[in-house]
Amino acid sequence: MKKCIVVSDSFKGTLPSSRICALARDVFGRIMPDCELITVPVADGGEGTVDCFVQALGARRVFTSVSGPYGEPVRAGFAVIGETAIIEMASAAGLPLVGDKKDPMRAGTRGVGQLIAHAVSGGCKKILLGLGGSATNDGGCGCAYALGAVFTDINGRSFVPTGGTLRDIEKIDLSGVKKLLGGVEVTVMCDVDNPLYGKNGAAYVFAPQKGADAQGVEILDDNLRHLARKILDCTGADVSELPGGGAAGGMGAGCVAFLGGRLCSGIDAILDAVSFDDMLEGTDMVISGEGKLDSQSLQGKVVSGVARRTGAKGVPLVVLSGVVDDSAADVYCRGVSAVFCTNRAARPVSELHEH
């Protein structure tokens, strides 16, 4: 083998993608020293996306203080390469920031908007925003507020909507956002196709893991329905059935309606940024992987994105995974040549360490 590419997602809770790439360089260097090895640490738009751009493209990091999920100050960072800023929503509104105090009724995305504003004030003309790992369910209203949107209630009072107060929105004024983001291109990396509301929407599918009980889920879903109606009434944008609109607590829909953003596959955005198609020229094999290979792996995740590219070029793709679910059988129809599992069965990392 003369040329191989290792392009892997992280194995969550075990190895980050950067470490996997480092291990590959060590192993190839010892076993196949004559093979040209290209390593590309990637993510699907969620946690680790900024790190991938820093390591793969030499992007520089920028840090600033913004509002956390409950308004508390947090130090968050993003990456800049040229006039493009790469921002992870989770850095300002992620679940790890709230710890055991999960409350999607109160958590907001204001800090995400502050990161975008900071990037724009620094001269960035393109925003690449990764959704995922959020603690919020505010439909992106907090983010829009930080960028100049004005939300008013039935009495004309302005406020910052959260998941629990979306129903209080009567009017939405986006003139401030349009002024700030004029000439700025916003691309949103999203790896799910859930709609804004309904049984497959943001609240029912994702809010329970953010701390919502059954009653809370119903309230949050009703509030998102109200938000969709107000967005249509006040802006003319219909996000009610937008695929991916329910991502990150409705942030997907909010980015489209409030920021004029475009939703795209996170892995496709990253592969385009690193010119992956050009890398494939003359490549004998590509190795990819993720912690668990299942049906979701075929829906916008790293493996599916890589498989589309390798399949189109006729390059064999080998996938390594910690767990291979029965639902992953279709990967062979999507361009994957072989799958290897590192464990016979799914077991906690702590248990494996004991042995």
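Colleague: Taking contact to mean heavy atoms within 4.5 Å, which residues is Asp221 in contact with, if we leave aside its neighbours within four places in sequence?

Modeller: Asp221 is in contact with Tyr197, Gly198, Ala203 and Tyr204 on that count. Before going on, note that this is a predicted model, in which local features need pLDDT of at least 70 and side-chain atom pairs count only at pLDDT 80 or more, while totals for chains, interfaces and linings use all residues. Residues are numbered from 1 along each chain as its sequence is written, and side-chain values use heavy atoms, with hydrogens and water left out.

Colleague: OK, and is Asp221 buried or exposed?

Modeller: Asp221 is buried, with a relative accessible area of 3%; buried means under 20% relative accessible area, exposed over 50% and partly exposed in between, using a 1.4 Å probe and protein chains only.

Colleague: Which helix does Asp221 lie in?

Modeller: Asp221 lies in helix α8, residues 214-235. Helices (H or I, at least four residues) and strands (E, at least two) are DSSP runs, numbered from the N terminus.

Colleague: Switching to the largest nonpolar core, which members touch the most others?

Modeller: Ile116, Ile127, Leu129 and Phe258 do, out of 57 residues, where a nonpolar core is a set of buried Ala, Val, Leu, Ile, Met, Phe, Trp, Tyr and Cys residues joined through side-chain atoms within 4.5 Å. Helix α9 (residues 247-259) gives the most to this core, namely eight residues. A second, separate core has 34 residues, among them Cys264, Val303, Val306 and Val319.

Colleague: What does Ile127 touch?

Modeller: Not counting residues up to four places away in sequence, Ile127 touches Ala85, Ile87, Ile116, Ala119, Val120, Val184, Glu185, Val186 and Thr187.

Colleague: Now the sheets: what is the strand order in the one with five strands?

Modeller: That open sheet runs β2-β1-β11-β12-β13 with parallel pairing, and two strands pair if DSSP finds at least two bridges between them. At the edges stand β2 (36-39) and β13 (338-341), each with a single partner strand, so one side of each has no neighbour in the sheet. Strand β1 (residues 3-6) pairs with β11 (residues 285-293) over three bridges, and Cys4 stands opposite Met285 in β11.

Colleague: Which strands does α1 touch there?

Modeller: Helix α1 (residues 17-31) packs on the sheet and touches β1, β2 and β11, its direction making about 170° with that of β2. Axes here are lines fitted to C-alpha atoms, for helices over the stretch in contact, and angles run from 0 to 180 degrees between N-to-C directions.

Colleague: And what is the order in the six-stranded sheet?

Modeller: The order is β3-β4-β5-β6-β9-β10, again an open sheet, with mixed pairing. Its edge strands are β3 (60-67) and β10 (262-264), each of which pairs on one side only. Strands β9 (residues 185-189) and β10 run parallel, joined by three bridges, and Met189 stands opposite Cys264 in β10.

Colleague: Last topic: at what angle do α10 and α12 cross?

Modeller: The axes of α10 (residues 266-273) and α12 cross at roughly 50° and come within 8 Å. The two helices are therefore oblique to each other, given that angles under 35 degrees count as roughly parallel, over 145 as roughly antiparallel, 65 to 115 as roughly perpendicular and the rest as oblique.

Colleague: Which residues make that contact?

Modeller: Helix α10 brings Ile267, Asp268, Leu271 and Asp272, while α12 brings Val302, Gly305, Val306, Arg308 and Arg309. Val306 is also included in the second core.

Note on methods: Contact means heavy atoms within 4.5 Å.
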